[in-house]
Structure formats: C-alpha cells, structure tokens
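Please open the model in your viewer and keep the sequence panel visible beside it. The stops below are meant to be selected one after another.

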Amino acid sequence: NAEYGKKVSNTIAELKRAKNDTLYYIRVPHKALEEGEESSGERKYVSVVVRGCSIVESHLTHSLEIHMDNTGYVTGLSLHNEIEDCTGRSTSASSFNTAASLHFPGVGASPDVHSFIQLKEKEEKKKAAESQDKRSFLAKYWMYILPVFLLFI
C-alpha cells in the first residue's frame, strides 16, 4: 500500500529530526474488529510511549510485546529497544525493524475441589453417626414413662 509506505517514511523522517524530548506513541485497538463490523470513532486503544531518539539511535529496531487477556482483549503494550539514553546519534536505517510478540496469561494451579468435597462429606457422615442416640427406648423416655406408671399404681 503506497499510502501506508509514505506515512511510514514521513514518520521515520520526523523521528530522525526529533529532539531528545520528543515522544513517540504506538497504539493498538483494545478489541479487534469482528468480521463485517464497522469501525466507529469511539474505539478504545491501548498505548505505549517511548522517546523518539531511543528508536532512532537503536537503528529503528525494537520489539513490541502485546499483552492480552483470556478473552482476546489487549491489556497492555511493551516496547523494548537497545538504547535507553539518547546521545544525539543518527541512523542510516530507512525502515522499521519491529519484532512483535503476543503474550497471554498463564494458567495457574487450580484447587483440588473434589478431594475437599469428599473430606467434607466424610466429616458430615461422622458427625451424623456420632449425633445418633444409641440408647434404648426406656433409657431415652424414662422421665415420661415414670409419671404415667406412678399414676396407675
């Protein structure tokens, strides 16, 4: 696409002319467009900001990490290059050399719920067995039987 190439060339030229305090913004849409979905003006973006001189002094070479959540939404960006401090050096590079990578969250250990449920059921059965009264009928209800017996005597 010729228009895109012209924009990139203009951006590189602007970066080469930039002073040490010029900031370079990279933004990525928070959510990718679905097939057939129209782009609206109210899209949300995730941005990263870096000093323009550090990109120029690293010969337009950098790595871009795109951090995403489990649902596929962009949650963060990281831009890394070799140069941290700007010294005013220029570059002869005429195109960006960007290595991009996607990062998804790792799946952590899940709790052992099945064993926990079995343990709780075992405890409930034990409590139920202990709470059952194993005394005979007379031992349980002697206080009710004795007055009735004394009335008949």
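Begin by selecting Lys 120 and Glu 123 in this predicted model, where the two side chains meet in a salt bridge with an N to O distance of 3.8 Å. The structure holds 1 salt bridge, and both of its residues, Lys 120 and Glu 123, lie in helix H3, 3 residues apart, which is about one turn of the helix. If you colour by accessibility, Lys 120 comes out as partly exposed, because its relative accessible area of 40% falls between the limits of 20% and 50%; Glu 123, with a relative accessible area of 35%, is likewise partly exposed.

Stay on helix H3, which spans residues 113-131, and move along to Glu 130. Is Glu 130 buried or exposed? With a relative accessible area of 59%, Glu 130 is exposed, as its value is over 50%. Now add Val 46 to the selection and draw a C-alpha to C-alpha distance: Glu 130 and Val 46 are 61 Å apart in space and 84 residues apart in sequence.

Next, select the strands E4, E3 and E5, which form an open sheet in the order E4-E3-E5 with mixed pairing. Strand E4 (74-80) and strand E5 (97-103) stand at the edges and have a single partner strand each, so one side of each is left without a neighbour in the sheet. Looking across the sheet, you will find neighbouring strands turned by 20 degrees against each other on average, direction ignored.

Finally, narrow the selection to E3 (residues 61-68) and E5, which run parallel and are joined by 7 bridges. One place to zoom in is His 67, whose bridge partner in E5 is His 103.

Technical notes: Residues numbered from 1 in each chain as written. Predicted model: local features only at pLDDT ≥ 70, side-chain atom pairs only at ≥ 80, totals over all residues. Heavy atoms only, no water. Helix = DSSP H or I, 4+ residues; strand = E, 2+ residues; numbered from the N terminus. Buried < 20%, exposed > 50% of the residue type's maximum accessible area, 1.4 Å probe, protein only. Salt bridge = Lys/Arg side-chain N within 4 Å of Asp/Glu carboxyl O. Pairing = 2+ DSSP bridges. Axes fitted to C-alpha atoms, helices over the stretch in contact; angles between N-to-C directions.
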